[in-house]
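This report describes one protein chain for a reader who has not seen it before. Please look over the sequence and the model first.

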Amino acid sequence: MTEESGECSGAKPSDEVWAKLVPSDSRYSDVEIRSEEKVICSEITASSDDKLNWCKIVRNSDLCSATIENNSPNTILVDGAEVLSESTVVIKDGSEIIPGPDREGFVGYRFSIISSPEASQRQLKILVDVDHAKCSICLNIWHDVVTVAPCLHNFCNGCFSEWLRRLQEKNSTVLCPQCRAVVQFVGKNHFLRNIAEDMLKADSSLRRSDEEVALLDSYSSVRSNLVIKSGNKHHRKRAHSALNEQSDGTNLQCPQCVSEVGGFRCNQNTVHLQCQACGGMMPSRNGFGVSQYCSGCDRAFCGAYWHALGIARSNSYPICIQDTLKPISEHSISRIPILAHEKNTHEQNITESCVRQMGRTLQDVIAEWITKLNNREIDRTRLPLNHAEMITSRTLVCCECYEKLVSFLLYWFRISMPKHFVPAEAARREDCWYGYACRTQHHSDEHARKRNHVCRPTRGSHT
Ligand SMILES: [Zn+2]
Ligand SMILES: [Zn+2]
Ligand SMILES: [Zn+2]
Ligand SMILES: [Zn+2]
Ligand SMILES: [Zn+2]
Ligand SMILES: [Zn+2]
């Protein structure tokens, strides 16, 4: 195991300003609110310069409101209503606060929340009837939900996969199990999946047993988007005609639709996968020795498939070069990915200079760390790829997932870096308390430069 060393030292977390009190009189300055709980001492009246405690503002957990407590001996006005001494009231973005019992003689303040993406995410709450989140095949809440098109009905991946398999065995047209419309397309629906998961969290009685879920997962065959040719005569006729005769604008053909390659030829019921890199089609071949999916993101890529069949790029069909899907050990890297170190360019430059200082190349460093990953010497908790525990140097991944892997490995490379390879100026920096999870590093260039962010959060993680 590679261990992170060096606990945080005395550097203060630089909290972001999350709200402001904006005075109605521009001669006064804004009161910035940084900590989750702030006592505001500056009672300013138009007639005196005395400063006294007048209120305490505490951020609410919904992040889009706060609670104000009147700490002054006087009644104050919040949104026109009186708030007695020691009383509290909820304020929202735009609330007006008068630090005294009437408008006369007091400078009013408008409470303004500085929106963060996190807050706006939390504000969006969607109400869905449980019955509208049920699969019409198994009558349970969707599990790993897929959506079929054009009718847009939703099913569990396992339920729909079984249905699809049976229809294909009978060589019949794939119809929607709910409305009997011809299905042309099926894909995972990540948005509905999150909703279904939230529902199961909210009401555990809707949950299925682990055995049921495992069985359902074993049926699931939809990983990436599937394109299904409908088996009616009209389409069957066109399936073997020239590419330019496709009148609906969609290209549902692949080299194996036209002629047999490697002992396989598509028929009118063959389910196709659309390559995420070139947009081309390939037949979905479960059990064919070569992977058609990236193991890191489960999306389909055609590079490895056509390469294995010896089919090269032609003018007739979009086909990737082999590079879009290949084993981790065969990918190469020449520059630090934009994603590395949470996109913090200061840290990326430091890493680059460490590599140079060691007299090595990035490719060489990554190859070494892939070996460590292969030998299970690295904690994979933060590896942002699907099936993270299964990944080895022989796993086939797409270019995007490879860059994510490289970024992950560069974190560990930096964590284990002997100090003398780090530029002196960078080595002197103290760790940010929020570590890699710090949000301030993304909008404060100075903060990003002054603190080390290649470290574990030791406080108030934002993630
Ligand atoms: Zn189902
Ligand atoms: Zn339908
Ligand atoms: Zn085909
Ligand atoms: Zn991928
Ligand atoms: Zn492709
Ligand atoms: Zn920071």
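How many bridges join strand β11 to strand β12? Strand β11 (residues 145–149) and strand β12 (residues 154–156) are joined by 3 bridges and run antiparallel. The model is a predicted one.

**The β11 strand and its partners**

Within the pairing with β12, V146 stands opposite F155. The hairpin of β11 and β12 has 4 residues between the strands, and L152 takes a positive phi near 65° there. β11 is also joined to strand β13 (residues 185–188), through 4 bridges, and these two strands run antiparallel. In β13, K188 is the bridge partner of V146. V146 thus faces F155 in β12 and K188 in β13.

**The chain as a whole**

The chain contains 13 helices and 20 strands. Of its 463 residues, 30% are buried. Among contacts with a separation of 6 or more, 57% are between residues 24 or more positions apart.

**Two open sheets**

One open sheet has 4 strands in the order β3-β4-β5-β8, with antiparallel pairing. Its edge strands are β3 (37–40) and β8 (88–92), each of which pairs on one side only. From one strand to the next, the twist averages 25°. Within this sheet, β3 and strand β4 (residues 55–59) pair in the antiparallel sense over 4 bridges, and I57 in β4 is the bridge partner of K38.

Another open sheet has 6 strands, ordered β2-β1-β10-β9-β6-β7, and the pairing is again antiparallel. β2 (31–33) and β7 (81–83) stand at its edges with a single partner strand each, so one side of each has no neighbour in the sheet. Here too the twist averages 25° from one strand to the next. At the β7 edge, strand β6 (residues 76–78) and β7 pair in the antiparallel sense over 3 bridges. The bridge partner of L77 in β7 is E82.

**Strand β15 between β14 and β16**

Strand β15 (residues 271–274) is paired with strand β14 (residues 226–228) through 3 bridges, and the two run antiparallel. H272 in β15 is the bridge partner of V227. β15 also pairs with strand β16 (residues 281–283), in the antiparallel sense and over 3 bridges. In that pairing Q274 stands opposite M281. The hairpin of β15 and β16 has 6 residues between the strands, and G279 takes a positive phi near 80° in it.

In a regular strand the side chains alternate between the two faces of the sheet. In β15, V271 and L273 point one way, while H272 and Q274 point the other way. Are these residues buried or exposed? All of them are buried.

The table gathers bridge counts for several of the antiparallel strand pairs.

| Strand pair | Bridges |
|---|---|
| β11 and β13 | 4 bridges |
| β3 and β4 | 4 bridges |
| β6 and β7 | 3 bridges |
| β14 and β15 | 3 bridges |
| β15 and β16 | 3 bridges |

**Helices α9 and α10**

At what angle do helix α9 and helix α10 pack? Helix α9 (residues 362–374) and helix α10 (residues 399–415) pack at an angle of about 90°, and their axes are 10 Å apart. The two helices are therefore roughly perpendicular to each other. In the contact, V365, I366, W369 and L373 of α9 meet V406, L409, W412 and F413 of α10. By class, this contact has 8 nonpolar residues, no polar and no charged ones.

**Nonpolar cores**

The largest nonpolar core has 73 residues, and those with the most contacts inside it are C294, F301, L405 and L409. α10 supplies the largest share of this core, 9 residues. Leaving aside residues up to four places away in sequence, F301 touches C275, Q276, A277, C294, C320, T324, L325 and C398. A second, separate core has 17 residues, including I33, A66, V83 and I98.

**A buried glutamate**

E347 lies in helix α8 (residues 345–357). Why is E347 counted as buried? E347 is buried because 24 other C-beta atoms lie within 10 Å, and the cut-off for a buried residue is 20 or more. Not counting residues up to four places away in sequence, E347 touches H341, H453 and V454. N452 is 105 residues from E347 along the chain, and their C-alpha atoms are separated by 7.8 Å.

Terms used
Residues numbered from 1 in each chain as written. Chains lettered and ligands numbered in written order. Predicted model: local features only at pLDDT ≥ 70, side-chain atom pairs only at ≥ 80, totals over all residues. Buried ≥ 20, exposed ≤ 12 C-beta atoms within 10 Å, placed from the backbone. Pairing = 2+ DSSP bridges. Contact = placed C-beta atoms within 7 Å. Axes fitted to C-alpha atoms, helices over the stretch in contact; angles between N-to-C directions. Parallel < 35°, antiparallel > 145°, perpendicular 65-115°, else oblique. Nonpolar A, V, L, I, M, F, W, Y, C, P; charged D, E, K, R; others polar. Core = buried A, V, L, I, M, F, W, Y, C linked by C-beta atoms within 7 Å.
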